[in-house]
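Here is a stroll through one protein chain, from its overall make-up to a pocket, some rings and a few cysteines. Have the model open and follow along.

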Amino acid sequence: MDYRNEQYYKMQQVLAKTELSSAQKYPMQSVYLEELTYDRDMQRMKELYPTEARWLQEYVEDECDRLEYDGSLMFDEYPDRLMLHRICERIYDRAAREKLKAQHCEKCKPQGPPPRDMAMRDLIEVLLYNEMYKRRCRYRRYRSW
């Protein structure tokens, strides 16, 4: 066995281990792929939500889409609690109207406003804060570019 050839192969193995991966060569690509992985994972977890929570999540995401612009209260360092409650009320009103439409037939006429469902209201608030947190984190990651 030729000693020089053996040493050459060992050197190639050492160099292969120290060679930069594509993620190290192109760090922005790595960040983008990580973001896609986070989004896919979040979508999988949302599929596990109970039926009503999934239904309400659509309203929450729609409202957050409307709020996602530079200078929005969503990205304030300390969002105003009163405004967040108003956003929750707006989402609740939309969802309650849709739920009421689905429950009542054409012949049935509602007898005044429906009673407030505080459990649904609380769930909307939790979903909204979670969605805002996710978007604030994403905004901070992309803002640094």
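A residue counts as buried when its relative accessible area is under 20%, as exposed when that area is over 50%, and as partly exposed in between. By that yardstick, 23% of the 145 residues of the protein chain are buried. Keep in mind that this is a predicted model.

**The overall layout**

The protein chain has six helices and zero strands, so its pattern along the sequence reads α-α-α-α-α-α under the DSSP-based assignment. What about contacts along the chain? Taking contacts between residues at least 6 apart in sequence, 76% join residues at least 24 apart.

**The largest pocket**

Which helices each supply at least two residues of the lining of the largest pocket? They are α3 (27-47) and α6 (118-143). The volume of this pocket is about 200 Å³. Its lining includes Glu 35, Tyr 38, Asp 39, Asp 41, Met 42 and Met 45. Also among the lining residues are Asn 130, Tyr 133, Lys 134, Cys 137, Arg 138 and Arg 141. Sorted by character, the lining has six charged residues, five nonpolar ones and one polar one.

Asn 130 deserves a second look. This lining residue sits in helix α6 and is partly exposed, at 32% relative accessible area. Leaving out residues up to four places away in sequence, Asn 130 touches Met 42 and Tyr 49; Met 42 is itself part of the pocket lining. The C-alpha atoms of Asn 130 and Val 60 are 9.9 Å apart, with their positions 70 residues apart along the chain.

Another lining residue, Cys 137, counts as buried at 18% relative accessibility.

**Two buried charged residues in α6**

Now for Glu 131, which also has its place in helix α6. Buried or exposed? Glu 131 is buried, with a relative accessibility of 2%. Setting aside neighbours within four places in sequence, Glu 131 is in contact with Lys 46, Gln 57, Val 60, Glu 61 and Cys 64.

Arg 135 is found in the α6 helix too, and at 6% relative accessibility it counts as buried. With residues up to four places away left out, Arg 135 touches Glu 61, Cys 64, Asp 65, Glu 68, Met 74 and Phe 75. Glu 61 and Cys 64 thus turn up among the contacts of Glu 131 and also among those of Arg 135.

**Aromatic pairs**

A pair of aromatic rings is described by the distance of the centres and the angle of the planes. How many such pairs are there? The count comes to two, and here they are:

| Pair | Centre to centre | Angle between planes | Geometry |
|---|---|---|---|
| Trp 55 and Tyr 59 | 5.3 Å | 85° | edge-to-face |
| Phe 75 and Tyr 139 | 4.0 Å | 15° | stacked |

Trp 55 and Tyr 59 are four residues apart in helix α4 (residues 51-67), so about one helical turn separates them. Trp 55 is partly exposed, at 25% relative accessible area, while Tyr 59 is buried, at 13% relative accessibility.

With Phe 75 and Tyr 139, the planes are at 15°, so the pair is stacked. Why does this pair tie together parts 64 residues apart in sequence? Because Phe 75 lies in the loop between α4 and α5 (81-103), whereas Tyr 139 is in helix α6. Phe 75 is buried, with a relative accessible area of 16%, and Tyr 139 is partly exposed, at 24% relative accessibility.

Phe 75 has other partners as well. Not counting residues up to four places away in sequence, Phe 75 touches Leu 67, Glu 68, Tyr 69, Arg 135, Arg 136 and Tyr 139. The C-alpha atoms of Phe 75 and Arg 140, which are 65 residues apart along the chain, are separated by 9.0 Å.

**Cysteines without a bond**

A disulfide is a covalent bond between the sulfur atoms of two cysteines. How many does the structure hold? Zero. Take Cys 64: the closest cysteine sulfur belongs to Cys 88 and is 9.4 Å away, too far for a bond, because a disulfide needs the two sulfur atoms within 2.5 Å. Cys 64 is buried, at 0% relative accessibility.

Note on methods
Residues are numbered from 1 along each chain as its sequence is written. This is a predicted model: local features need pLDDT of at least 70, side-chain atom pairs count only at pLDDT 80 or more; totals for chains, interfaces and linings use all residues. Side-chain values use heavy atoms; hydrogens and water are left out. On a 1 Å grid over the protein atoms alone, a cavity is a set of points where a 1.4 Å probe fits but cannot get out, and a pocket is an open set with protein on both sides within 12 Å along at least five of seven lines; lining residues have an atom within 4 Å of a point. Grid points are joined across faces, edges and corners, and a volume is the space filled by probe spheres set on the points. Ala, Val, Leu, Ile, Met, Phe, Trp, Tyr, Cys and Pro count as nonpolar, Asp, Glu, Lys and Arg as charged, and the others, Gly among them, as polar. Rings of Phe, Tyr and Trp (its six-membered ring) pair if their centres lie within 6.5 Å; planes under 30 degrees apart count as stacked, over 60 as edge-to-face and the rest as tilted. Buried means under 20% relative accessible area, exposed over 50%, partly exposed in between (1.4 Å probe, protein chains only). Contact means heavy atoms within 4.5 Å.
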